[in-house]
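Q: I should like to learn how to read the main features of a structural model. Could we take them one after another?

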Amino acid sequence: MFSTDTNFADLTDVYTLFFDKDSFGKEFFNLPDMEGLNAFFEESQYGIKVKSKKRKLIKEFLKLKKQNKVQRIGTLLKIIDYINLAEKKPLSSFVYKKKYTDDEGKRMNDVFNYAMENYFEPITLEEISEKANMSKNAFCRYFKKRTNKTFFQFLIEIRIENACKLIYNSPDISIASISEKCGFQNTANFNRKFKEIKGVTPTHYRMQRF
C-alpha cells in the first residue's frame with residue numbers, strides 16, 4: 001500500500017493500470033518478440049521505484065484515458081519497455097507467495113496501521129499482540145513468517161523513514177529531537193539504527209540533502 005503523508009507532502013496523483021502476465025493469454029508474453037519484456041515481470045514481484053524516464057512514463061499514462069482498448073495495449077507495452085530501460089530499484093527484498101485470507105489481511109492491516117500511527121510511542125510486544133488478537137509467541141511467529149522480519153525490525157524501519165522526512169523537511173530541528181520524536185529512547189541507538197538502514201549517520205544524511 002502507498003499512502004500520502006499529508007504532514008510532509010502535497011497531495012499525490014495516482015494513476016493505476018491493472019493487468020497480469022496472462023491478461024492477453026498465457027502465451028502472449030512468451031512470444032519471441034516479447035522476450036525483452038520478461039525482466040519487468042521478474043523485477044515487479046518486489047515492487048519497483050523508477051528513477052529515470054519519469055516524464056515519458058507520465059506522458060504515456062496520461063494517454064490511456066482517451067484511447068480505445070487496442071491502443072491501450074500498445075501503450076501498456078510501451079510503458080513496460082520504458083520501465084525495463086529505466087534506472088530503478090526494488091522496493092523490497094522479500095516476496096511472500098502465499099495469498100492472505102480476508103481475516104489474515106485484516107489482521108496484518110490492523111498491525112501495520114497501529115505501528116504507523118503510533119511509531120513515536122513505546123510499543124510493547126504485549127500491546128501489538130493484543131491488536132492482532134494473538135499470544136505474544138504466536139504473534140512473533142506469525143509476523144516473521146509473513147514479512148521475513150520481526151515486528152520490531154519493521155517498527156524501526158518505520159521510525160527511520162519518518163526520521164528521514166523530518167530531517168529533509170525540518171532542517172532546524174536537532175538530530176536529538178528528531179530521535180525523540182520518532183520513538184527512540186536515546187540518540188546513540190537512533191544513530192546506530194539509522195546507519196544500519198541508510199548507510200550513513202543522520203548528520204551525514206542531512207548534509208547530503210542540503
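A: Let us begin with the record. The unreviewed UniProt entry annotates residues 122-206 as "domain: HTH araC/xylS-type". The coordinates come from a predicted model. Within them, the span 122-206 is 73% helix and 0% strand, and its end C-alpha atoms lie 25 Å apart.

Q: How many helices and strands does the chain have, and in what order do the elements run?

A: The chain has 10 helices and two strands. Read from the N terminus, the order is α-β-α-α-β-α-α-α-α-α-α-α.

Q: Which overall quantities describe the chain as a whole?

A: Extent, burial, surface and contact order may be read together. The C-alpha trace spans about 55 × 45 × 30 Å along its principal axes. Of the 210 residues, 29% count as buried. The chain exposes about 14,500 Å², with carbon and sulfur atoms supplying 51% of that area. Among contacts between residues at least 6 apart in sequence, 64% join residues at least 24 apart.

Q: Where should one look for the nonpolar interior, and which residues touch the most other members of the largest core?

A: In soluble globular proteins, nonpolar side chains tend to be buried together. Here the largest nonpolar core has 29 residues, and Phe151, Phe190 and Phe194 touch the most other members. At least two residues each are supplied by helix 4 (102-118), helix 6 (136-147), helix 7 (151-169), helix 8 (175-181) and helix 9. Helix 7 gives the largest share of this core, 10 residues. A second, separate core of 16 residues includes Met34, Phe40, Leu76 and Ile79.

Q: How is a helix such as helix 7 to be read, and which of its residues are buried?

A: One may compare its length with the expected rise, then list its buried residues and their partners. Helix 7 has 19 residues and reaches 27 Å from first to last C-alpha, close to the 27 Å expected at 1.5 Å a residue. Its buried residues are Phe151, Phe154, Leu155, Ile156, Ile158, Arg159, Ile160, Asn162, Ala163, Cys164, Leu166 and Ile167. These pack against helix 4, helix 5 (125-131), helix 6, helix 8, helix 9 and helix 10 (202-209).

Q: Is Asn169, in helix 7, buried or partly exposed?

A: Asn169 is partly exposed, because its relative accessible area is 37%, whereas burial requires a value under 20%. The Asn169 side chain reaches the backbone oxygen of Lys165 at 2.8 Å. The C-alpha atoms of Asn169 and Glu104, 65 residues apart along the chain, are separated by 36 Å.

Q: What should be examined at the two ends of helix 9?

A: At the start, one looks for a side chain that reaches a backbone nitrogen; just after the end, for the backbone angles. Helix 9 covers residues 187-198, has 12 residues and reaches 16 Å, close to the 16 Å expected. At its start, a side-chain oxygen of Asn186 comes to within 3.3 Å of the backbone nitrogen of Ala188. Just after the helix, Gly199 takes a positive phi of about 85°.

Q: What does Phe190 touch, beyond residues up to four places away in sequence?

A: Phe190 touches Ile160, Ala163, Ile175, Ile178, Ser179, Phe184 and Pro202.

Q: Can the same reading be applied to helix 3, and what covers its buried residues?

A: The steps are again length, end, burial and cover. Helix 3 has 17 residues and reaches 25 Å, close to the 24 Å expected. Asn68 caps its N-terminal end, with a side-chain oxygen 3.1 Å from the backbone nitrogen of Val70. Thr75, Leu76, Leu77, Ile79, Ile80, Tyr82, Ile83 and Asn84 are buried. Their cover includes helix 1 (38-43), strand 1 (48-50), helix 2 and strand 2 (88-90).

Q: Which residues does Leu77 touch, beyond those up to four places away?

A: Leu77 lies in helix 3 (residues 69-85) and touches Phe28, Phe29, Met34 and Leu37. The C-alpha atoms of Leu77 and Leu37, 40 residues apart along the chain, are separated by 8.3 Å.

Q: Why does Glu60 count as buried?

A: Glu60 is buried because its relative accessible area is 4%, under the 20% limit. Glu60 lies in helix 2 (residues 54-63). Leaving aside neighbours within four places in sequence, Glu60 is in contact with Thr75, Lys78, Ile79 and Tyr82.

Conventions. Residues numbered from 1 in each chain as written. Predicted model: local features only at pLDDT ≥ 70, side-chain atom pairs only at ≥ 80, totals over all residues. Heavy atoms only, no water. UniProt positions renumbered as here; feature names shortened; annotations may be inferred. Helix = DSSP H or I, 4+ residues; strand = E, 2+ residues; numbered from the N terminus. Expected span 1.5 Å × (residues − 1). Polar contact = N/O pair within 3.5 Å; in protein donor to acceptor, adjacent residues only side chain to side chain. Core = buried A, V, L, I, M, F, W, Y, C linked by side-chain atoms within 4.5 Å. Buried < 20%, exposed > 50% of the residue type's maximum accessible area, 1.4 Å probe, protein only. Contact = heavy atoms within 4.5 Å. Areas by Shrake-Rupley, 256 points an atom, 1.4 Å probe, with all protein chains shown as cover.
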